[in-house]
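Please read the following account alongside the sequence and the coordinates, beginning with how far the model can be trusted and then turning to its contacts.

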Amino acid sequence: MTNASVVTQRSVRMVQFRAGRIVWPLIQVGVVLLAGGIWWLASGFFPAGALPPPGVVLARLGELMLTGEFWIAVAITVGTFALALICSILIGVPLGLWIGSSRFWTESTRLLFDFLRTIPPIALLPLLLLVLGADFQMVLVLSIAGAVWPILIQSVYAARQGEALLAEMAASFRIPKAWYIRHIFVPGAMPFVMTGVRLGTTIALLLTIAGELLGAAPGVGHEIAAAQAWYDTPRMYAYVLVSAGLGLAVNGGFWSLQRYLLRWHPSVREEGRR
Amino acid sequence: MSNTASPETPGTSTVIPALEARGLGHSYGARQVLEGIDFSVLPGQFVCIVGPSGVGKTTLLRCLSGLQTATSGELRVLGKVAREPQPGVALVFQDYSRSLMPWSSVLHNITLPLRANGVSRKEAADRAYRALAQVGLADVVGEQYPWQLSGGMQQRVAIARALAYNPTVLLMDEPFASVDAQTRADLEDLVLGLQRRLGLTVTLVTHDIDESVYLSDRIVVLSGSPARVAEVVDVDLGTSRDQILTKSSAEFAALRTHVHGLVRAAAAVSPSTGTARTVVPS
Amino acid sequence: MNALRRTTSIVAIELWLPLTLVIIWWVVSEYVNSLYFPPLSVIMQSFAENWLNPENAAANLVPSLQVIFFGYALAVIGGIVLGATLGLVRPLERAVRPVVEAMRAVPGVALLPLFIVLFGIDQQMRILLVAYGATWPVLLNTLDGVRGVEPTLLDMSRAFRVGRARRLFGVILKSAGPQIFAGARIALAVTLIIMVVSETVGASGGVGYFLMTAKSEFRIASMWSAMVALGILGYLLNIIFRIAERYILRWHRLQQARLERTS
């Protein structure tokens with residue numbers, strides 16, 4: 001192979017690489033536009049007003065974002081969700097790790113948790129509505145009631161997954177228990193705990209919006225239901241888009257957090273290659 | 001080259017042994033794995049423990065390190081009866097990648113045992129860097145994560161962690177079994193050099209007979225089921241050892257053959273039970 | 001004899017806590033009067049009446065079971081097909097990724113009003129809503145599973161000139177099995193939630209409908225009985241799921257057990 005052909009090969013590859021960086025986002029934008037186009041077409045097929053064209057919905061969304069009530073609703077939903085998630089973590093992680101480190105308690109709670117986690121949290125909604133009324137506290141409790149389970153159960157599992165060799169290493173160097181827990185046990189359990197927290201995050205948002213929607217508590221969920229009741233479909237679709245946006249933001253935020261906390265973990269190290 | 005054909009009688013010298021096993025035995029439930037282990041390691045000596053696969057070398061080392069309390073007999077460390085891990089005794093594990101914390105930097109891995117035992121942050125860091133230098137790793141390795149390093153470097157980190165602990169006795173459980181042959185030779189020389197320079201007492205478990213003859217002053221050969229000390233072999237190859245010169249000497253070959261013969265005879269008596277059976281007490 | 005003793009001790013240790021809690025609940029609710037927390041005995045009575053009596057049970061359960069069955073089946077099949085397609089055709093997956101991410105980010109519940117507007121308030125709408133929400137976990141997990149197939153296996157099947165269809169079903173899908181099942185399990189939980197939610201509007205039967213109606217008519221004991229019924233329903237469905245998983249994935253279970261033993 002001559003020098004010239006090696007150089008051309010390398011520059012061709014570089015051009016391909018650079019092109020790849022530009023081409024793919026373009027294609028993705030293209031697909032989004034295509035989806036928008038399908039939406040626009042479909043809006044013609046449904047009875048009047050049932051599926052407003054994307055332009056109308058987006059315009060409405062723009063208008064709404066200029067109003068105070070929009071931001072209040074978003075703030076309430078986000079706030080309730082965040083608070084619910086934090087409470088679920090504060091309850092689920094320490095409790096789960098503690099139960100998981102005791103064989104007796106792990107076995108004792110196994111059947112109980114197995115049953116409790118399969119109860120659809122939404123079953124509690126009517127009871128909570130009666131007891132707490134149609135307000136954000138009700139939504140908060142509902143959300144915690146659902147989100148705590150995956151976090152709790154994964155934490156129990158996490159406690160049992162610890163690397164036994166590290167416990168021995170700690171023993172051989174006479175490391176006191178408190179140090180072991182803080183520097184070895186907890187970091188070691190983090191990957192598994194994070195799996196539970198991720199599931200808990202999805203459930204917390206889902207239940208927050210469900211509680212607002214069905215329970216008529218203030219927030220994005222309620223706005224959706226109210227808009228539908230008044231058959232103000234552009235407004236309803238606009239808020240559905242908002243809920244999608246919230247979902248994306250929450251997911252994205254979680255992945256960033258996980259990538260930071262678990263930067264040492266093989267699964268995260270390899271993801272860079274994706 | 002001289003051999004003592006029988007196990008040592010402890011307590012006959014005036015120097016207090018660094019490590020002394022008196023009638024040490026260990027059983028898992030009904031199964032007796034070790035019985036009547038008697039030997040001692042004098043300060044500054046390099047002793048290897050060898051034997052056929054599955055005989056109980058690791059069990060013995062775990063008892064010596066205090067991770068397990070022997071079910072019978074007595075263990076003395078630096079003259080005192082010991083039933084749990086002692087300050088002054090550091091352990092290096094075979095599986096270095098799992099014994100190092102992947103979420104911490106190399107520096108933090110080394111300093112954790114020190115800080116957990118009350119050493120100040122600054123002094124711990126100083127000792128860590130000194131230990132890194134002693135094992136031939138540059139300062140900058142301290143900031144890296146263990147998984148960014150090669151197998152040989154990781155084991156050096158594990159050794160550095162043990163050194164920073166300022167131990168009098170260094171226990172090593174098949175520390176070079178998981179690295180390639182070239183790295184193994186380098187690490188053997190590293191440990192030998194450290195032992196000479198720092199005056200450490202080293203007890204090393206290995207299945208590699210060449211390694212045991214190359215490194216030791218004495219070799220404890222285990223055999224039988226339950227395992228006993230078959231023989232303690234004195235290794236008179238001099239203080240300075242060299243991978244090429246020592247290993248090509250006639251004395252080395254003779255010792256090697258002798259120990260090999262002992263181990264093979266031992267294997268006939270207590271055949272290995274097959275592939276990697278890890279004995280874990282319930 | 002030893003095996004029997006072992007089984008009894010396992011059963012005992014897993015049962016003592018739940019039984020104790022139920023007893024405490026029973027006693028406390030009997031003697032502490034609370035409007036929203038009727039005595040457990042009354043709840044049990046209501047439960048027997050509404051959910052164990054064959055006619056009532058049928059009327060109350062069948063609509064929900066319909067929604068669950070058809071919705072879940074659609075979700076699993078659709079999820080596997082779509083997930084496998086995206087997993088196998090990389091460029092396609094990459095192209096539609098932002099749209100997929102956006103669609104899956106919408107909490108299924110938020111779509112209820114939308115689905116009502118588009119599809120009305122009958123069973124069809126409910127089945128579609130469940131299918132929509134439950135497809136995502138299956139899709140995403142199938143996608144991951146198909147992508148994560150051990151490359152050596154693929155090379156091996158190509159080297160042995162295994163036909164495309166065979167390769168897809170025999171090697172790829174089987175290998176992605178555990179991952180797909182994990183997604184299917186999440187999908188089951190989602191199915192239940194959406195099913196209940198969808199029955200709160202315009203339904204005339206079903207567990208969710210019963211639950212909401214009982215609440216609005218202030219029949220508290222009946223409301224509680226529905227909650228118990230939902231709990232049991234969820235648990236039973238999970239058991240069925242686990243049995244199916246055990247059977248279909250028995251190769252995986254054995255492999256995992258073997259790996260644990262030799263590590």
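Within chain A, confidence is lowest in helix H11 (residues 266-271) of chain A, where the mean pLDDT is 61, and highest in helix H3 (residues 68-100) of chain A, where the mean is 94. These values belong to a predicted model, and for chain A as a whole the mean pLDDT is 87, with 91% of its residues reaching 70 or more.

From confidence we can move to the contact between chain C and chain A, to which chain C gives 42 residues and chain A gives 45 residues. On the side of chain C that touches chain A, the elements giving two or more residues are helix H1 (2-31), helix H4 (90-105), helix H5 (112-119), helix H8 (164-198), H9 and H10 of chain C. The largest share of that side, nine residues, comes from H4(C), and by class the side of chain C that touches chain A has 33 nonpolar, four polar and five charged residues.

Two of the helices in that list also pack against one another: helix H9 (residues 207-216) of chain C and helix H10 (residues 220-248) of chain C meet at an angle of about 155°, and their axes are 8 Å apart. Because angles over 145 degrees count as roughly antiparallel, H9(C) is roughly antiparallel to H10(C). The crossing of H9(C) and H10(C) is left-handed. In this contact, Val207(C), Phe210(C), Leu211(C), Ala214(C) and Lys215(C) of H9(C) meet Ser222(C), Met223(C), Ala226(C), Met227(C), Ala229(C), Leu230(C) and Leu233(C) of H10(C). Sorted by class, the residues of the contact of H9(C) with H10(C) comprise 10 nonpolar, one polar and one charged.

Definitions and conventions: Residues numbered from 1 in each chain as written. Chains lettered and ligands numbered in written order. Predicted model: local features only at pLDDT ≥ 70, side-chain atom pairs only at ≥ 80, totals over all residues. Axes fitted to C-alpha atoms, helices over the stretch in contact; angles between N-to-C directions. Helix = DSSP H or I, 4+ residues; strand = E, 2+ residues; numbered from the N terminus. Parallel < 35°, antiparallel > 145°, perpendicular 65-115°, else oblique. Left-handed = near helix turned anticlockwise from the far one by under 90°. Contact = placed C-beta atoms within 7 Å. Nonpolar A, V, L, I, M, F, W, Y, C, P; charged D, E, K, R; others polar. pLDDT = per-residue confidence, 0-100.
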